[in-house]
Amino acid sequence: MASLANKVALVTGASRGIGRAVALSLAHEGAAVAVNYRERAADADEVVGTIRKAGGRAMAVAADVSETEAVARMVEEIGTALGPVDRWVEAAQERHARDPACSRPASDVVGTVAPRGARLGPGHALHDSPDRDEHAAGT
C-alpha cells in the first residue's frame, strides 16, 4: 500500500512546473490529488489525466489562491469530490511576480499569497474527519 493512501492532497499552482511535479509525486504515493490552477485549465486537465491514467484519483480545481473566498470555495469543492483535504502544498506563483500590471504594490503581495492560503488551509481545510475512510474509499 502506498504511503499516502486514503489521503487527499491539494497542490496550488499544480498545472505546471514544480506544482505539477509535486502533484504527480503525491499521486504516485497514493494520495488523491486536487490540481489547483488559476488560468491554465488545459494544463491542469493534462496533469489530472496523467494521474488518472496511472490509476490515481484527481480533479482539477480553478481558484485564485490570493482570494480567501475562492480558496474556501475550492476547499469545499475538493471535500465534496475527493474528501477532506489533509495535505496542502503551496506551489502557486504570486501574481505580482509575473504581472507587472498588477495594481497591488509588491509589499502588499509578497508574503500574502502563500501565507493566506496556508492560514486558511489549516484552519478550514486540514483536519481529521471521522468519515475520512469513507471519502477515501469513494463511498
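This report describes the overall make-up of a predicted model, the packing of two of its helices, and two individual residues.

## Basis of the description

The structure is a predicted model, in which local features need pLDDT of at least 70 and side-chain atom pairs count only at pLDDT 80 or more, while totals for chains, interfaces and linings use all residues. Residues are numbered from 1 along each chain as its sequence is written, and side-chain values use heavy atoms, with hydrogens and water left out.

## Overall make-up

The chain contains seven helices and four strands, these being DSSP runs numbered from the N terminus (helices H or I, at least four residues; strands E, at least two). Read from the N terminus, the order of elements is β-α-β-α-β-α-β-α-α-α-α.

Of the 139 residues of the chain, 37% count as buried, where buried means under 20% relative accessible area, exposed means over 50%, and partly exposed lies in between (1.4 Å probe, protein chains only). The chain exposes about 7,500 Å², of which carbon and sulfur atoms supply 51%; these areas come from the Shrake-Rupley method with a 1.4 Å probe. Among contacts (heavy atoms within 4.5 Å) between residues at least 6 apart in sequence, 67% join residues at least 24 apart.

## Packing of H1 and H2

Helix H1 (residues 17-28) packs with helix H2 (residues 41-53) at an angle of about 20°, and their axes are 10 Å apart. That makes H1 roughly parallel to H2, a label that applies to angles under 35 degrees. Axes here are lines fitted to C-alpha atoms, for helices over the stretch in contact, and angles run from 0 to 180 degrees between N-to-C directions.

On the H1 side, Arg20, Ala23, Leu24 and Ala27 meet Glu46, Val47, Thr50 and Ile51 of H2. By class, this contact of H1 with H2 has five nonpolar, one polar and two charged residues, with Ala, Val, Leu, Ile, Met, Phe, Trp, Tyr, Cys and Pro counted as nonpolar, Asp, Glu, Lys and Arg as charged, and the others, Gly among them, as polar.

## Asn6 and Thr12

Asn6 lies in the segment before strand S1 (8-12), and its phi is near 70°, a positive value in a residue other than glycine. Asn6 is partly exposed, with a relative accessible area of 36%.

Thr12, found in strand S1, counts as buried at 0% relative accessibility. Leaving aside residues up to four places away in sequence, Thr12 touches Asn36, Val65, Trp88, Val89, Glu90, Ala91 and Ala92.

Conventions
Parallel < 35°, antiparallel > 145°, perpendicular 65-115°, else oblique.
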